[in-house]
Amino acid sequence: DDRHLPSGKTGNERPALLPQVLRRRDCQQLGRTVQRPKCKPPMISNVNKLIIWILLFSCCWGILPYPVVFALYYMIKTILERRPGMFKKYLIIYFIFFIISAFSCMHFEDQSLSKTFTAVACLQLFPVISYFIFLSGKYTIKEIEKALAIAYVIFLCCFTIQLIYPDKIFNLATDYMDIGRFTMYGQLIAYICLFYFYGKYLFSGKTKYLLYILPAFFVLFIAGFRTQMAAILLALGLFTYSVKKIASVKYMLLFLIVIGVLSQTSVVQNSINNMMKRQEAGATFANEDYIRVIQFNYFTKEHFKSPVEYVFGSGIPNPRTKYGQPFYTVDPALGPYNGWQDWGIVGLSWMIGIPAVLALLFPVLRIIRRKCDDNILFLKFFYIFLLLSSFTTVEFYRVGSFFFHGLLFYLYELYYRRSKHDNIGHTQKVLGQTRRVVNS
């Protein structure tokens, strides 16, 4: 039947000339069905991809080498494609000055570029540019938070296994159980999730979230750092007050009861006792023989050969070089005794330079200062804790942890974009209502 055809046309030309609706109807009359093409599900979900990235860049808690090549590839790719990013310029500046510090090391300390860039302590500072990996992908807030929670569980399982098992399975960051200290690669994930679930507890009032943070506090106690204990209590107190105001006393009381119960376990008690022993033994800044006092005097009075080296850094030392060997000795008489690491962020500036460290801190300070969505408020107080504790500990850049900064910067950016989009939508809605009132 050619009644629906334009004049001069034949039925053979119908599929190319008639509207889509008519063609579909005619096909159905002929007994054929028109099916929409089905989208194939991805082979690996975004959540699983994120977990793989987390395990890779945390060295699978110390088993794998650093996948630095991936981060460099995605950084170059993002720059060439001119992808926008809230923290993109800061991390590019960081990377440039990080490279400059290696040239400073070559000039002032006679350590080659190859020796600098192959040092494990140097490789651990690259993964922050993992931010560019996420900037190139299409990950959602929900996917990132789910991946962090799953990675937290994986880490806790590995941490517990290594704590119980007498032989070393993972490449430990610290294993001094005789003095009450035990840390693992990438354990920053525990502190991130501690603040994440504590935020859930504050906004929902559900005590189940306190159970989720108990293992993270166990990790904190076992690490055995006095500064961290004080910093986390202060940061959580500020977090509670900012959300609950007057009612914060009740929430903090319940929280402290849970922590009090945890502190009665034998392992935690051992760690606390060792912290007290270090305090009584004079491991404080009032003691001139305290190792951190010795280190500070060395770096401020003896180490640097030029103001230029002081500004741009001495470069990361490699233990296989004459320059690097003293930094890895355990004898204070032979060198600065692990040098920069006991001075946290300040010590890092001695190695990679002041501009590089400032470029890293700008995104952190931006997260702390800017008003943000309640759901990402935990990140603000997490970084307050990290800054407070990282002036005398290496927690900000502990081995396997630097990657998480890139992931958290991207997570904050997603929340910021969503908040900005919601504000624009609300403004347009209000303007539309105003116009209708005026027109009426």
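**Figure 1. Phe378 sits in helix H20.** This close-up comes from a predicted model. Helix H20 covers residues 377–389. Phe378 is buried, because its relative accessible area is 3%, and under 20% counts as buried. Which residues does Phe378 contact, leaving aside neighbours within four places in sequence? They are Ile192, Phe195, Tyr196, Phe239 and Leu411. Leu236 is also worth finding in this view. In sequence, Phe378 and Leu236 are 142 residues apart. In space, their C-alpha atoms are 9.4 Å apart.

**Figure 2. The largest nonpolar core has 125 residues.** Six residues have the most contacts inside this core: Tyr94, Phe195, Ile352, Phe382, Tyr383 and Phe396. Which helix gives the core its largest share? Helix H11 does, with 13 residues. In soluble globular proteins, nonpolar side chains tend to be buried together.

**Figure 3. Ile352 touches residues from several places in the sequence.** Residues up to four places away in sequence are not counted here. The aromatic partners are Tyr94, Phe97, Phe98 and Phe312. Ile352 also touches Leu125, Ile316 and Val357. Ser101 and Gly313 complete the list.

**Figure 4. Phe197 and Tyr212 form an edge-to-face aromatic pair.** The structure holds 47 aromatic pairs, and this is one of them. The ring centres of Phe197 and Tyr212 are 5.1 Å apart, with 70 degrees between the planes. Phe197 belongs to helix H11, residues 188–204. Tyr212 belongs to helix H12, residues 208–223. The two residues are 15 apart in the chain. Is each ring buried or partly exposed? Phe197 counts as buried, at 10% relative accessibility. Tyr212 is partly exposed, at 37%.

**Figure 5. Trp343 and Trp350 form a tilted pair.** Their ring centres lie 6.3 Å apart. The planes meet at 55 degrees, so the pair counts as tilted. Trp343 is buried, with a relative accessible area of 13%. Trp350 is buried too, at 3%.

**Figure 6. One aromatic cluster joins residues from separate stretches of the chain.** Trp53 and Phe57 belong to this cluster. So do Phe70, Tyr73 and Tyr74. Phe134 and Tyr139 are also members. Phe403, Phe404 and Tyr410 complete the cluster.

**Figure 7. The second largest pocket has a volume of about 230 Å³.** Which residues line this pocket? The lining includes Ile44, Asn46, Lys49, Ile52, Trp53 and Tyr74. Ile133, Ser136, Gly137, Lys138 and Tyr139 complete it. Two helices give two or more residues each: H3 (46–57) and H9 (131–136). H3 gives the largest share, 4 residues. By type, the lining divides into 6 nonpolar, 3 polar and 2 charged residues. Trp53, Tyr74 and Tyr139 appear in the pocket lining and also in the aromatic cluster of the previous view.

**Figure 8. The whole chain has 21 helices and 2 strands.** This view sets the close-ups in context. The chain has 440 residues, and buried residues make up 48% of them. Among contacts with a separation of 6 or more, 73% come from residues 24 or more positions apart. Phe378 in helix H20 can be located again here, as can Phe197 in helix H11 and Tyr212 in helix H12.

Note on methods:
Residues numbered from 1 in each chain as written. Predicted model: local features only at pLDDT ≥ 70, side-chain atom pairs only at ≥ 80, totals over all residues. Heavy atoms only, no water. 1 Å grid on protein atoms, 1.4 Å probe; cavity = no way out; pocket = protein on both sides within 12 Å on 5 of 7 lines; lining within 4 Å. Points joined across faces, edges and corners; volume = space filled by probe spheres on them. Nonpolar A, V, L, I, M, F, W, Y, C, P; charged D, E, K, R; others polar. Phe/Tyr/Trp six-rings, centres within 6.5 Å; stacked < 30°, edge-to-face > 60°. Buried < 20%, exposed > 50% of the residue type's maximum accessible area, 1.4 Å probe, protein only. Core = buried A, V, L, I, M, F, W, Y, C linked by side-chain atoms within 4.5 Å. Contact = heavy atoms within 4.5 Å.
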